[in-house]
Amino acid sequence: MTIAEANRSHDARDAWSRKPSLRAVYTDLYQRIAARCVPGVILEVGGGSGNFKDYAPDTISTDIVAAPWLDAVADASRLPFADGVISNIVLFDVLHHIEFPVQFLDEAARVLRPGGRIIFSEPAITPVSNLFYTHLHPEPVDMKANIFAVGEPDPNRDPFDSNQAVPTLMMHHQRDQFEARFPGLRIYENQLTSLLAYPMTGGFRPWTMIPAAMVPLVLGLERILIPILGPLMAFRILSVIERRS
Ligand SMILES: C[S@@+](CC[C@H](N)C(=O)[O-])C[C@H]1O[C@@H](n2cnc3c(N)ncnc32)[C@H](O)[C@@H]1O
């Protein structure tokens, strides 16, 4: 691990403590993930700044990059757990950073018990969010990537390398291929979320365009508007994938 890699999780943790608007928006998303967990062990993959644990304290929080607040270092593509012992695998902005997402999903299917869940909140690429993510966000959006590629993991790869299109391709555009490739997994829930409040916080960057006090009001409005405006301008996906019995 380089010093720069270690610092990014610390920087994100600092932003988390300094930005009430960010906490308010993420709290809503983390709570939605926690509410979808089934009884049993919760494993967080790519825990980074480690904030999900505030909402599900018994979570085993891991990341490929070590940090003092995490429980273990673990690569999503080689999970250090026996078969069928995990009930929930949660990811927040991680799937689109994994070098070979298919290898992670194979590992997830292996370690999950029957009925266990993969639950994630990730970027959604819609016409409006695509403009934002492409022009105002440093991470790439490559809608032509082969998301089913597999290979030997590159030990020198930056864990923050990414393709923000991966979750949208997997859960929406190439859902049929996903279902054919993973017969042991079933897409249980697939929602578009986050219209305005999330991009207005500026994420982990220093600026925000929304005070924390306004967040509950905007989120309430979003819940009403999402069925109409989601396909046009949602910024995030919330998905639940279940391991078949
Ligand atoms: C954008 S951060 C998200 C961190 C945290 N989940 C959050 O919500 O703030 C992406 C995280 O994924 C981790 N990551 C990338 N590739 C990984 C892999 N193969 N296995 C486990 N974690 C990985 C990175 O180290 C980084 O902490």
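**Core.** I started with the nonpolar cores of this predicted model. The largest one holds 56 residues. I listed its best-connected members, and Val25, Val45, Ile89, Val90, Leu91 and Ala108 have the most contacts inside it. Next I asked which helix gives the most to this core. That is helix 2, residues 20-35, with seven residues.

**Ala108.** I picked this one from the core list for a second look. Leaving out residues up to four places away in sequence, I find Ala108 touching Ile89 and Ile118. Ile89 is a nice link back, since Ile89 and Ala108 both stand among the core residues with the most contacts.

**Ligand.** Then I turned to the ligand and looked up what lies around it. I get 19 surrounding residues, and the closest are Gly46, Gly48, Ala76, Phe92 and Pro159. How does this shell split by class? My tally reads nine nonpolar, seven polar and three charged residues.

**Whole protein.** I stepped back for the overall picture. The secondary structure comes to eight helices and seven strands. The C-alpha trace spans about 45 × 40 × 35 Å along its principal axes. I also checked the radius of gyration: a compact globule of 245 residues would have a value near 18 Å, and the protein has 17 Å, so the two agree.

**Burial and contacts.** Of the 245 residues, 40% are buried. Last, I looked at how far apart in sequence the contacting residues sit. Among contacts with a separation of 6 or more, 72% join residues 24 or more positions apart.

Definitions and conventions. Residues numbered from 1 in each chain as written. Predicted model: local features only at pLDDT ≥ 70, side-chain atom pairs only at ≥ 80, totals over all residues. Near = placed C-beta within 6 Å. Nonpolar A, V, L, I, M, F, W, Y, C, P; charged D, E, K, R; others polar. Core = buried A, V, L, I, M, F, W, Y, C linked by C-beta atoms within 7 Å. Buried ≥ 20, exposed ≤ 12 C-beta atoms within 10 Å, placed from the backbone. Helix = DSSP H or I, 4+ residues; strand = E, 2+ residues; numbered from the N terminus. Contact = placed C-beta atoms within 7 Å. Rg over C-alpha atoms; globule rule 2.2 N^0.38 Å.
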